[in-house]
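Q: Could you pick one part of this structure and take me through it closely? I work at the bench, and I would like each cut-off spelled out along the way.

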Amino acid sequence: MPVDLDADSVTLARALLGAHFRVGAITVRLTEVEAYAGSGDPAAHAFRGWRPHTRHLFEPPGTLYCYRSYGIHVCANLVSGPDGSGSAVLLRAGQVVEGLELARSRRPAGVPDARLARGPGCLGQVLALSLNDSGRRLGEPGLDLRPPQGEVGAIASGPRVGVSVAAGRPWRFWLVGEPSVSAYRPSPRMLPGALDDLDEN
DNA sequence: GCTTTGATAGACT
DNA sequence: GTCTATCAAAGCA
């Protein structure tokens with residue numbers, strides 16, 4: 001596998017930008033990701049250790065972990081190294097490069113192509129992911145990852161979206177200038193001053 | 001059991 | 001730019 005899935009989540013997150021992620025008939029070029037560092041990261045689902053709901057996070061790197069958010073959205077993560085640490089990379093947004101027609105049909109009419117997979121929940125919709133897809137592995141039929149082809153544009157980083165703790169860790173990465181990158185929205189539960197820690201990096 | 005809380009998206013002013 | 005519907009899972013009694 002050209003992409004080093006065993007790398008830690010921050011390293012893997014950067015490596016995934018520009019990569020082509022294929023689920024079934026749809027391929028997206030990843031333009032926005034976030035890193036979560038397992039049990040050492042208060043914002044990670046794995047922070048409180050193994051739970052039935054998060055079991056796939058603790059499986060080997062390359063495992064897909066899907067979870068439901070706000071009741072209706074399904075978000076996709078790729079488990080990273082170290083093996084068994086519960087670290088993962090959240091796939092936040094991408095540009096559909098294959099299966100465009102099918103992707104459009106899975107979203108409301110009138111959505112511009114650039115926004116088909118803008119945001120984790122939208123990405124999940126376009127790839128038709130469900131909680132049943134949690135635990136699948138890269139490389140199995142209908143699921144694979146190709147490394148970036150050619151030059152990957154400038155990479156920017158910043159605080160993670162919707163995370164109310166550990167805002168000081170700029171572990172959100174995206175490709176500069178991509179229209180398919182979602183706008184930054186702080187968590188509704190973000191405490192005043194939570195961003196003050198940014199200076200302490 | 002019962003209450004609280006989001007790794008959001010879309011509608012609305 | 002601002003507001004909020006919506007529901008499963010976590011957290012607590």
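A: Happily! Helices and strands here are DSSP runs numbered from the N terminus, with at least four residues (H or I) for a helix and at least two (E) for a strand. Residues are numbered from 1 along each chain as written, chains are lettered from A and ligands numbered from 1 in the order of writing. This is a predicted model, in which local features need pLDDT of at least 70 and side-chain atom pairs 80 or more, while totals for chains, interfaces and linings use all residues, and side-chain values use heavy atoms, without hydrogens or water.

First, a word on confidence. Chain A averages a pLDDT (the predictor's confidence in each residue, from 0 to 100) of 88, and 94% of its residues score at least 70. By element, β7 (residues 155–158) has the lowest mean confidence in chain A, at 90, and β1 (residues 20–23) the highest, at 95.

The part I would pick is the hairpin of β3 and β4, together with its surroundings. β3 covers residues 64–69 and β4 residues 73–79. The two strands pair (DSSP finds at least two bridges) in the antiparallel sense, over 6 bridges. In that pairing, Arg 68 stands opposite Val 74 in β4. The hairpin has 3 residues between its strands, and Tyr 70 takes a positive phi near 50 degrees there.

How covered is β3? Of its 6 residues, 5 are buried, where buried means under 20% relative accessible area, exposed over 50% and partly exposed in between, for a 1.4 Å probe and protein chains only. Two tyrosines of the strand show this nicely: Tyr 65 is buried, with a relative accessible area of 1%, and Tyr 67 counts as buried at 13%.

These tyrosines also make up the 1 aromatic pair of the structure. Their ring centres are 5.9 Å apart and their planes stand at 25 degrees, so the pair is stacked. (Rings of Phe, Tyr and Trp, with its six-membered ring, pair when their centres lie within 6.5 Å; planes under 30 degrees apart are stacked, over 60 edge-to-face, the rest tilted.)

Tyr 67 leads us to the DNA as well, since one of its polar side-chain atoms lies 3.2 Å from a base nitrogen of DNA strand B. Strand B has 22 residues around it, counting a residue as near when one of its heavy atoms lies within 4 Å. Those that come nearest are His 45, Asn 77, Gly 121, Arg 185 and Arg 189. β3, β4 and α3 (120–126) each supply at least two residues of this surface, and α3 gives the most, with 3. At Gly 121, a backbone N or O atom lies 2.6 Å from a phosphate oxygen of DNA strand B. Arg 107 brings a side-chain N or O atom to 3.0 Å from a phosphate oxygen of that strand. Of the strand B atoms within 4 Å of the protein, 50% belong to sugar or phosphate and the rest to bases.

The hairpin reaches DNA strand C too. Arg 68, Tyr 70 and Gly 71 are among the residues around strand C, along with Arg 48, Arg 51 and His 53. On this strand, 85% of the atoms within 4 Å of the protein belong to sugar or phosphate, with the rest in bases.

Next, look at what comes before the hairpin. Gly 49 lies in the loop between β2 and β3 and counts as partly exposed at 23% relative accessibility. Its C-alpha is 9.4 Å from that of Ser 85, 36 residues away in sequence.

Further back, Glu 34 belongs to β2 (residues 26–37) and is buried, with a relative accessible area of 0%. Its side chain makes a polar contact of 2.7 Å with that of Tyr 36. (That term means N or O atoms within 3.5 Å; within protein, one must be able to donate a hydrogen and the other to accept it, and sequence neighbours count only through side-chain atoms on both sides.) A second contact, at 3.5 Å, links the side chains of Glu 34 and Arg 92.

Another glutamate, Glu 32, makes a polar contact of 2.6 Å with Arg 172, side chain to side chain. Arg 172 lies in β8 (residues 172–175) and counts as buried at 4% relative accessibility. A polar atom of the Arg 172 side chain also lies 2.7 Å from the backbone oxygen of Ser 182.
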